[in-house]
Amino acid sequence: MPLTDPDRLFPVEPALRGLARELYRSVADLPIVSPHGHCDPRWFADNARFPNPAELFVIPDHYVFRMLVSQGVPMDALGVPRTDGGAVETDPRAIWRLFARHIHLFRGTPSALWLDHSFEHVFGLDRPLSEATADAYYDHIDACLAEDDFRPRALFDRFGIEVLATTEGALDDLAAHRAIRASGWSGRVVTTYRPDAVVDPEFEGFRANVARLGEMTGEDTTSWTGYLDAHRARRAYFRDFGATATDHGHPTARTENLPPQEAAALLGKVLSGDFTPEEADAFRGQMLTEMARMSLEDGMTMQIHPGSRRNHHAGVFASHGRDKGFDIPGRTDYVGALKPMLDAVGMEPGLTIILFTLDETVYGRELAPLAGVYPALRLGPPWWFFDSAEGIRRFREITTETCGFYNTVGFNDDTRAFCSIPARHDVARRTDCAYLATLVATGRLGENAAHEVAQDLTYRLAKQAYRL
Amino acid sequence: MPLTDPDRLFPVEPALRGLARELYRSVADLPIVSPHGHCDPRWFADNARFPNPAELFVIPDHYVFRMLVSQGVPMDALGVPRTDGGAVETDPRAIWRLFARHIHLFRGTPSALWLDHSFEHVFGLDRPLSEATADAYYDHIDACLAEDDFRPRALFDRFGIEVLATTEGALDDLAAHRAIRASGWSGRVVTTYRPDAVVDPEFEGFRANVARLGEMTGEDTTSWTGYLDAHRARRAYFRDFGATATDHGHPTARTENLPPQEAAALLGKVLSGDFTPEEADAFRGQMLTEMARMSLEDGMTMQIHPGSRRNHHAGVFASHGRDKGFDIPGRTDYVGALKPMLDAVGMEPGLTIILFTLDETVYGRELAPLAGVYPALRLGPPWWFFDSAEGIRRFREITTETCGFYNTVGFNDDTRAFCSIPARHDVARRTDCAYLATLVATGRLGENAAHEVAQDLTYRLAKQAYRL
Amino acid sequence: MPLTDPDRLFPVEPALRGLARELYRSVADLPIVSPHGHCDPRWFADNARFPNPAELFVIPDHYVFRMLVSQGVPMDALGVPRTDGGAVETDPRAIWRLFARHIHLFRGTPSALWLDHSFEHVFGLDRPLSEATADAYYDHIDACLAEDDFRPRALFDRFGIEVLATTEGALDDLAAHRAIRASGWSGRVVTTYRPDAVVDPEFEGFRANVARLGEMTGEDTTSWTGYLDAHRARRAYFRDFGATATDHGHPTARTENLPPQEAAALLGKVLSGDFTPEEADAFRGQMLTEMARMSLEDGMTMQIHPGSRRNHHAGVFASHGRDKGFDIPGRTDYVGALKPMLDAVGMEPGLTIILFTLDETVYGRELAPLAGVYPALRLGPPWWFFDSAEGIRRFREITTETCGFYNTVGFNDDTRAFCSIPARHDVARRTDCAYLATLVATGRLGENAAHEVAQDLTYRLAKQAYRL
């Protein structure tokens with residue numbers, strides 16, 4: 001018996017299931033376009049083997065370890081690295097066993113689907129992971145990882161990835177991307193320009209970061225025009241390594257459109273280190289509008305994903321640092337927040353700004369109405385906690401009626417869990433096909449049109465929105 | 001093959017579909033009660049032919065043109081009139097072709113359902129609209145429009161409209177309604193009192209509007225009692241033309257219940273032109289309570305639909321003016337906002353205040369709990385972006401458990417797209433029947449009761465809530 | 001024909017229905033664990049007969065009478081007691097008839113399901129309640145109530161209640177619980193510590209309440225340490241009567257973690273009677289963190305259910321007092337509000353804090369992400385207006401993907417309507433089984449796992465979370 005049901009995520013009613021299956025069949029094997037994610041480009045530069053099952057599936061995946069933490073398993077026992085120098089478990093097999101002992105916690109979650117999909121389709125396993133099978137799993141996966149067929153480039157090919165975007169900070173030298181290119185490997189791995197560390201005055205080391213930005217570009221980043229030109233230079237550098245997009249993860253969606261002199265003064269203020277939270281927020285907001293203007297110049301697609309309250313627990317942040325599963329969504333306003341930027345550039349048909357959210361209440365009230373009228377706006381797929389069967393269903397049900405399919409941009413896997421990429425795209429394809437089948441069966445969409453939309457959602461829209 | 005599926009919007013499971021179909025059959029042909037909408041009363045006064053397909057389906061319908069705009073089609077190319085004197089496309093056939101070329105954008109939207117319903121059931125078309133069929137469509141519809149059977153009154157009869165409410169500003173002379181009455185035509189078209197221009201200090205020309213209100217009524221509208229009496233006079237005048245309701249479209253649901261002297265002082269302030277946004281908001285809030293009190297006197301039903309951030313793009317507002325698809329919903333509070341008015345009149349069983357929303361998050365949290373206890377409150381149907389199969393389903397699923405069916409008021413089409421009226425009521429009837437069938441099939445409602453509720457939702461509740 | 005469909009609330013598709021039915025069968029007869037509710041402990045202490053049908057079903061149940069009030073039935077005519085001394089209807093038969101005449105208002109509501117379940121399964125009735133059957137119903141139920149089998153303890157046994165928690169204020173002498181214990185009856189009825197009256201400075205009589213708290217415990221409650229020790233003493237007293245949990249119903253979820261001296265000063269301020277709403281709010285917030293710390297000491301589970309805007313209508317509050325169906329939910333923030341408490345104690349695996357909400361928008365955005373990472377947090381079941389088939393379905397669909405099943409705590413009936421307890425637990429069991437069946441049928445959960453989860457949701461998780 002396989003771990004994964006061949007009809008998973010399809011509607012249960014037989015006629016509907018038949019329709020969904022047929023739609024799915026036509027897109028199941030399309031190449032994967034992954035325009036937004038967090039894979040490490042060194043995997044593809046070095047093509048070294050993945051070290052062990054725990055480092056592949058548990059330690060780097062905060063979806064996985066946060067669930068165990070929520071039930072009282074200490075992060076240290078899971079080998080999650082500390083930034084304060086404290087000791088953590090280093091035996092990967094011990095970590096794997098602990099993980100296996102708690103696998104029931106994932107019942108009903110997308111992680112369960114992704115894991116089973118990887119276990120079966122990547123590693124050929126067919127019995128469920130449990131405390132009893134933990135060692136057998138470990139040994140089997142570890143043995144696979146030692147084979148050349150399980151090195152990053154081989155998996156990249158086997159997964160059918162046509163293009164994969166990674167995300168690098170503005171100050172990254174893109175050495176890994178340079179190495180990929182130098183290697184002559186044919187896989188298409190591109191970077192994405194993520195300037196948070198040099199546009200967010202509250203980012204750790206902001207002043208030093210901006211100074212470094214100046215050094216890297218030869219611009220005087222203490223002057224407003226020099227600072228903007230430094231961004232232009234880095235964006236061009238990123239484009240040399242395939243970047244077609246920028247990525248902006250702000251606490252809010254606030255934008256500003258200040259006169260240049262006020263913006264220059266604000267830069268001076270935030271660089272002085274003596275600024276208020278309000279000034280930091282205004283500066284971030286101004287920079288979104290500046291980035292949109294640069295996108296108009298250089299054609300890069302802009303991604304905005306506001307709303308995460310990062311590092312929620314002070315103690316965990318102190319001991320373990322960022323990205324440890326303690327980023328919690330908060331209420332997010334878009335309608336008022338985006339107005340300055342949209343007044344400035346929202347009617348530009350040549351510009352693409354993709355909006356993400358962690359606050360589902362804005363799908364129907366704000367995002368779909370905005371994307372349904374502004375030429376520059378598109379809706380990113382459900383993301384983070386909502387990258388799931390129910391999350392995708394809600395997204396389609398709530399947004400489609402207002403902004404249609406063509407103001408959305410296909411799927412993003414947004415992951416650093418490499419083996420989950422095919423699984424995640426598969427969930428999106430199945431869920432979209434289930435939704436399309438429902439539209440067909442309820443007289444809301446012709447069958448031919450549904451097939452066309454299925455192709456669009458799986459492949460064309462992502463290529464087009466990200467200019468890939 | 002018809003454009004519309006006879007079983008559209010029904011559940012797919014065969015037994016459930018059978019139940020829904022049976023319920024629908026019993027209400028499909030009931031007369032249309034349209035208690036809230038934006039048809040032009042001159043259509044029925046003059047009974048002139050509709051000029052051409054573009055002016056019937058594209059130019060006045062912001063649901064339609066905003067979708068094309070969102071994909072980069074300029075409003076000018078669609079013939080949407082400008083207020084700044086700029087030139088726009090005037091060839092209706094060119095506009096129609098542009099529309100047809102983009103028809104795929106509407107896949108999965110209610111507009112697609114409404115358009116196909118109109119094309120098939122009003123104009124007898126049976127091939128889908130596309131770039132290829134655009135000219136044939138244009139010629140066919142245009143030829144139809146030249147026939148007497150397609151003039152407004154003939155369509156009104158053919159659509160089975162028992163009563164249609166239009167909406168006119170407080171300063172409207174109701175000449176069109178007078179002409180309808182003078183014509184001896186038997187169709188029942190009534191007006192609705194919409195005083196935004198004379199109660200909102202931020203409305204263009206507010207002071208002049210209030211002065212004009214004084215002239216029209218012979219009241220001194222610079223005094224608080226004169227101003228209120230002027231409203232009373234206009235309400236009575238509107239009632240002479242059949243009005244049974246008032247309509248209030250404020251940015252928020254704020255209400256106030258100030259002592260008369262403070263209210264009088266506030267009127268002075270806002271009429272002086274020297275007032276703060278807060279004072280404007282307080283004045284609008286006070287006027288909602290005053291209107292509710294007048295409704296207690298004269299029996300008019302009151303409609304409040306807050307929450308639209310109007311004219312979101314400054315440039316489009318400057319070039320094209322109001323109502324161009326750039327009204328975006330925002331977060332809306334009701335619980336705190338309505339308290340002053342509800343403290344004053346909420347327990348009055350003789351009063352009917354219908355609440356609408358553009359913020360679905362309030363259905364379960366605020367609106368259903370409020371309507372489920374206050375005798376004066378009723379919930380308006382899902383509205384604007386949510387006047388759709390999924391929107392209506394969510395509304396019923398979320399509100400019914402808390403406030404039942406009998407604190408809702410049936411359907412409103414709220415449209416200026418005349419041909420879509422039967423299509424919209426049909427969508428509501430089908431969706432309500434699908435919901436009722438689900439309740440029956442899951443043991444939550446008896447079949448006889450479901451039939452009774454279907455009649456109530458389609459016909460009785462609207463007549464009763466609007467006293468029509 | 002029975003009043004209740006044996007397959008009620010199961011999916012309609014036959015295969016899915018079969019699965020749901022099978023899962024339900026395995027949990028339908030499990031004992032009821034009722035860890036949070038508002039039954040009167042005197043029922044079980046005195047074991048007197050329930051006076052009459054109106055006092056059993058109508059007068060104490062604000063779900064029921066608020067629906068009639070919403071349609072213009074005066075509360076007085078329903079016998080709802082006034083606090084201002086005004087007269088109300090005292091004839092229970094008249095009240096019952098009025099109720100029966102309006103029974104159609106409950107169509108589609110959970111109240112209808114609960115009532116029919118009680119009528120059929122508790123009283124053996126098999127014709128629907130209506131105006132025509134009102135008297136027969138009254139006579140039948142009244143005759144039953146005269147029998148010993150319908151006294152509170154007999155019903156408690158018949159309902160299969162393993163343990164029932166009531167809720168008492170911190171100043172309650174727990175005489176009823178003492179009497180239950182003294183009686184030697186074997187039924188397990190425990191209390192819950194609810195300190196709102198002595199931690200909320202805006203509660204009626206707060207100062208006197210705190211003084212009384214000092215008298216009862218021999219502590220100086222005007223000093224911060226004495227005040228905290230008084231709470232410790234009362235918690236211990238409540239534990240003597242079986243309490244395993246505390247319950248906190250604040251207007252917001254705000255928490256604070258002030259240094260002791262600031263907290264002491266704040267206590268002085270709020271006891272002085274001269275304090276601002278902000279200070280009252282900060283004090284309540286500080287007390288949540290103090291209560292969490294005491295829970296760490298004494299092992300009591302903590303329940304927080306913020307967000308109700310109590311006593312919404314000023315007039316009804318003046319005439320009828322609290323708990324009259326005029327408590328309306330409002331927007332509620334958790335992510336920022338809980339941070340101080342979570343920074344202090346959120347990572348403690350030995351602590352259990354159960355979060356409830358009346359604002360469904362936080363399920364996916366805030367509550368599931370928080371409960372999915374903090375060891376101390378669990379999600380309470382859908383509550384109050386959302387204790388219903390659709391409410392429970394939405395809860396599972398939105399939360400499970402992010403925090404799984406094991407960060408939830410089973411079902412609470414939260415009711416003072418004794419006869420509805422089996423009905424409410426039955427609705428939860430059916431709805432959870434329907435959800436689990438859907439996961440199984442769509443390849444998201446194995447059938448064996450689903451059976452285990454069904455047991456957990458019905459029985460084990462509540463026992464564990466409440467340490468019962």
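How many residues of domain 1 of chain A are in contact with domain 2 of chain A, and how many of domain 2 are in contact with domain 1? The count is 26 residues from domain 1 and 29 residues from domain 2. Keep in mind that this is a predicted model.

**View 1. Meet the two domains of chain A.** The domain assignment builds domain 1 from two stretches, 14-50 and 168-465, while domain 2 covers 51-150. Their C-alpha centres sit 28 Å apart.

**View 2. Here is the area buried between domain 1 and domain 2 of chain A.** About 2,300 Å² is buried between them, and carbon and sulfur atoms give 63% of that. On the domain 1 side, A:R49, A:F50 and A:H320 lose the most area to domain 2, together 28% of what that side buries.

**View 3. A salt bridge joins A:D142 and A:R49.** Their side chains meet at 3.1 Å, N to O. The rule finds one salt bridge across this domain interface, along with ten residue pairs in polar contact. Looking at the side of domain 1 that touches domain 2, you'll find that α15 (314-320) and α19 (420-441) of chain A each supply at least two residues. α19(A) gives the most, with six residues. By type, the residues of that side of domain 1 split into 13 nonpolar, six polar and seven charged.

**View 4. Now chain B is laid on chain C.** A turn of 120° with a shift of 0.0 Å along the axis does the job, leaving an RMSD of 0.0 Å. That is how a three-fold axis relates copies. Only 7% of the interface residues of chain B are also interface residues in chain C, so the copies meet through different surfaces.

Definitions and conventions:
Residues are numbered from 1 along each chain as its sequence is written. Chains are lettered from A and ligands numbered from 1 in the order in which they are written. This is a predicted model: local features need pLDDT of at least 70, side-chain atom pairs count only at pLDDT 80 or more; totals for chains, interfaces and linings use all residues. Side-chain values use heavy atoms; hydrogens and water are left out. Copies are superposed by least squares on the C-alpha atoms of residues with pLDDT of at least 70 in both. Contact means heavy atoms within 4.5 Å. Domain bounds come from an automatic or database domain assignment. Buried area is the accessible area (1.4 Å probe) that two parts lose on being put together, summed over both. A salt bridge is a side-chain nitrogen of Lys or Arg within 4 Å of a carboxyl oxygen of Asp or Glu. A polar contact is a pair of N or O atoms within 3.5 Å; within protein, one must be able to donate a hydrogen and the other to accept it, and residues adjacent in sequence count only if both atoms are side-chain atoms. Helices (H or I, at least four residues) and strands (E, at least two) are DSSP runs, numbered from the N terminus. Ala, Val, Leu, Ile, Met, Phe, Trp, Tyr, Cys and Pro count as nonpolar, Asp, Glu, Lys and Arg as charged, and the others, Gly among them, as polar.
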